[in-house]
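Colleague: I've got this two-chain thing open on my screen and I'd like to learn how to read it properly. Could you walk me through it?

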Amino acid sequence: MPELWEDMLRTLSLRDHNTRVVVLGVSMLGLAAGLVGTFMVLRKRALLTDAVSHATLPGIAAAFMLMVAFGGSGRSLSGLLLGAAVFGVLGMLGVQAIRKYTRLKDDVALGIVLSVFFGLGVAMLGLVQEMRQGHAAGIDRFIYGQAATMLGADAMTMLVMASIVVAACALLFKEFTLVCFDEQYAGAQGWPVGMIDVVMMGLVVAVTVIGLQAVGLILVVAMLIVPPAAARFWTDNLLRMGLVAGVIGLVSGYLGATVSGMAPRLPTGPIIVLVATGVFVVSLLAGTRRGVLVRAWRHVQSVRRTGLQHLMRAAFEHAELAGDEPFAADDLLDRRSWSKRELSRLLRRAQRYGWVVPTSDDRWRLSDAGRREARRVVRNHRLWELFLIEHADIAPSHVDRDADRIEHVLGEAMVEQLERTLRTRGEAVAVPASPHRIGGDDKVTR
Amino acid sequence: MTWYPFDTWIVIVGALAALACALPGCFLVLRRMSLMGDAISHAVLPGLAIAFLVTASRASWPMFVGAAAVGVLTAILSGWVERVGKVEAQAALGVVFTALFAVGLILIRFAADHVDIDADCVLYGEIELAPLRTVSVLGFDIPQPALVNGGMLLINVLVIGLLYKEMKISAFDPQLATTLGINATAMHYLLMGLVAATVVAAFESVGSILVIAMLIVPGAVGHLLSDRLSSMLGIAAVVAVLSAVLGHVGAITLPPLAGFDDTRTAGMMVVVAGGLFVLAMSFGPRYGLVSRAITQLGLGLRIAQEDLLATLYRLEEQGDDRSTPAAIRADQLRATLDLDPLRHRLLLRRLHRGQLVTRTDAGYALTDAGRSLARDLVRTHRLWETYLDQYTGTPADHLHLAAEQLEHATSPTMQQQLAERTGSPATDPQGKTIPSPPNDASR
């Protein structure tokens, strides 16, 4: 076992020169892909990258055939990548052309370019494999990718190109942000929107092409989509989203390259994608900004707050009709459509807040704090009702329901504005009288 | 080229698979879900791999069911990520299918030890080997892939035929479908199920790349050429069959021209489908680029011609002697109209041939037919100026340009209404005489 341990340590700590370059290169690729992908995902063009990466295949085959035709071995990486880039750009233009000149929608344009270019690539690879000259054996690696078998020099190319992409993203961050959020505004401000777009798409093609060797053309799209999609759950700020996506990409790249370096049977691309997907799933659930759990928690909170406020209003209105004597839970049962159990749970919660106080004979009364809260809610409710009656011409019998929803979210500024509009004055006019009949027999209240 | 019986079988298998894909594909195209076909065909990989690992064979019912289940799962999962996670649709699809594909690749790496399978055959398929595995049916030796794909095609035709109305309404207007009592969600998942099953049935014989292309391209061609669902389905079917036939012929005839033996049929079939798409995109009768360009060119020519006639009329109007048609020198005309020389000459020649203008040594003049056309146009123009001035408050210096555009799109009825609305004045806001209507005797 010590040998295996030694081996793992060697890979993880990047002691080998070759491993070091490969791992660094793939990590840098992850960073670049995360950054560029952020813009693609925000611009709702996530799968454009898929079309581009599939479109590179005929480019690789064509470059190989050309190089062999001119007497080379067809193994020059830069030549193959150049061919891939040319066809990546062609694919992108194809998508644009179909979108612009036909009535077909985005998804069809992407699907057609993706499948037809890839089919062309497959047909051309069929020819490449018959060629006696040149070494066609390595061409397939562009489809699935394998970082562990990369040569040091190739990995160095990848490292350098990925660093250039990262630098370009950093330099053009402001321009990209503008185009990303408001293309028309950017254009009106005099920014060369078309040019910025071209540069951004160029970076996408660049990331795709340099990712081919390491992760393969089918999965390179994941490096562009998954980290930004995961980052979106954590922040609403574009700069932070880009950084988080970059880091997720970097970590997945690092883990993918090292794991497949340790166990050569494991392909690099899928490992990277699975790590990134793992991060995505965690973010989906636990993301602090848009994660499912946070959103569910917020929802529960708002339901609770609403429930409590309903209780306070019911108690207040009961007091208005029946006087300030302590009330029984059953007295409030008719005021809303709530069950006995719900109502007693709300009462217990209000008790914890110190808003209601139980009396000896199983009755309840509002505390001073409770009365203040109740007054506030009822006041909001009635101000809104008055506003609707006076300014929206809604019949008094119909305003209760609308006000019932909005009373919980009226901010202070809004209340002030309502007061101004209705010409009532602050606390001086305490709580306006209800503009409609209230009481258990008034079914509108429900 | 030598054509063997198995070439026929290859074409038949390809055509059956392409047809089976093209029919549900039309609905994907209409529902803007083409990429779902792409995603499903990538995502079935883990289902296949697990089935391989479990059953240790390549053709079995568990494999079919497992893969199709994962296919439907892709649709469910991506819908879930989109809805619950509030992730943008394309990104959600991308996340789900790449993750499943990655799982599939790793599983296949392990399965390869036990079963003869690699990812290549999933991608490219082995349509060339399809005729080799035959089953005997009623005494005939029929390749098994032909049976599988034919069966799938039959299922698709039956389901689409039986639920044609329901699928049509849900495809175009899910809300309407719901109000009519059709379960649009059920239709959605039924379609996803059909797509997944078709993908799985076809992938082994023809490869997923042909499957993706045939799900999208024939439907797209149909959509470009037709506005009716039934004819769209028909066109898609024709495209599918044509791609299969021409694709195989191309695969065995084209490479020898460049000194090769042949190439992968599946790839060539896709290339042919792509070519057919480009043809439809260029030459489609209604939405094709060329036909639209021709229509536009014709319109442009008519407008330029009308402008030229009207200009001749106006120049003639300015001349002092109105009883004899004045000849207008070509360069004078050109300067007024600001046309490039080539187009100018072309227009004049066309008008001359149409006997709307005559050419004399002194220059060009309107014939009677030309003059009545021009008069009508100028009348429309000046009526529009009057109307715009009276009713829309357009500033006086903007009247001409607006009327210049409207005059070409004004029918006789409309011209009459304009005259009625403006009270048939004798002059326009600039004080120029409005010519009387053509059938009016007093000139």
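Modeller: Sure, we'll take the feature types in turn, with the general idea and then the case here. This is a predicted model, in which local features need pLDDT of at least 70 and side-chain atom pairs count only at pLDDT 80 or more, while totals for chains, interfaces and linings use all residues. Residues are numbered from 1 along each chain as its sequence is written, with chains lettered from A and ligands numbered from 1 in the order in which they are written.

Colleague: Confidence, then. What is the mean pLDDT of chain A, and which element has the lowest mean?

Modeller: pLDDT is the predictor's confidence in each residue, from 0 to 100. The mean for chain A is 85, and 91% of its residues reach 70 or more. Among the elements of chain A, helix 1 (residues 2–12) has the lowest mean, 67, and helix 11 (residues 220–231) the highest, 94. Over residues 440–446 of chain A the pLDDT is below 50, and that stretch has 11 contacts in the model beyond near neighbours in sequence. Where pLDDT is low, the predicted coordinates should not be read in detail.

Colleague: How many helices and strands does each chain have?

Modeller: The elements are DSSP runs, numbered from the N terminus: helices are H or I with at least four residues, strands are E with at least two. Chain A has 19 helices and two strands; chain B has 18 helices and four strands.

Colleague: And how do I judge the overall shape?

Modeller: Try the radius of gyration, taken over C-alpha atoms, against a globule rule of 2.2 Å times the number of residues to the power 0.38. For chain A, a compact globule of 446 residues would come out near 22 Å, but the chain has 32 Å. For chain B, with 443 residues, the globule would again be near 22 Å, but the chain has 33 Å. Along the principal axes, the C-alpha atoms of chain A fill a box of roughly 100 × 60 × 35 Å, and the C-alpha trace of chain B spans about 100 × 55 × 40 Å.

Colleague: What share of each chain is buried?

Modeller: Count the other C-beta atoms, placed from the backbone, within 10 Å of a residue's own: 20 or more is buried, 12 or fewer is exposed, and in between is partly exposed. Buried residues make up 46% of chain A and 45% of chain B.

Colleague: Give me single residues to look at.

Modeller: Start with A:Phe316 in helix 14 (residues 292–322) of chain A. It counts as buried because it has 21 C-beta neighbours inside 10 Å. Contact means C-beta atoms, placed from the backbone, within 7 Å; leaving out residues up to four places away in sequence, A:Phe316 touches A:Ala374, A:Arg375 and A:Val378. Now try B:Ile169, in helix 7 (residues 164–172) of chain B. With 19 other C-beta atoms within 10 Å, B:Ile169 is partly exposed. Its contacts, with the same exclusion, are B:Leu176, B:Ala177, B:Leu180 and B:Ile182. B:Ile169 and B:Ile182 are 13 residues apart along the chain, and their C-alpha atoms are separated by 8.6 Å.

Colleague: What about backbone oddities?

Modeller: Look for a positive phi outside glycine. A:Asp393 has one of about 60°, in the loop between helix 17 (368–391) and helix 18 (399–406) of chain A. A:Asp393 is exposed, with 7 other C-beta atoms within 10 Å. Phi of B:Ser424 is near 40°, and this residue lies in the segment after helix 18 (412–422) of chain B.

Colleague: At what angle do helix 13 and helix 16 of chain B cross?

Modeller: Axes are lines fitted to C-alpha atoms, for helices over the stretch in contact, and angles run from 0 to 180 degrees between N-to-C directions. Under 35 degrees is roughly parallel, over 145 roughly antiparallel, 65 to 115 roughly perpendicular and the rest oblique. Helix 13 (residues 289–318) and helix 16 (residues 368–392) of chain B come within 8 Å and cross at roughly 90°, so they are roughly perpendicular to each other.

Colleague: Last one: which helix of chain B gives the most to the side that touches chain A?

Modeller: Across the interface, 51 residues of chain B are in contact with 46 residues of chain A. Helix 4 of chain B gives the most to the chain B side, with 12 residues.

How values were computed. Two residues are in contact if their C-beta atoms, placed from the backbone, lie within 7 Å.
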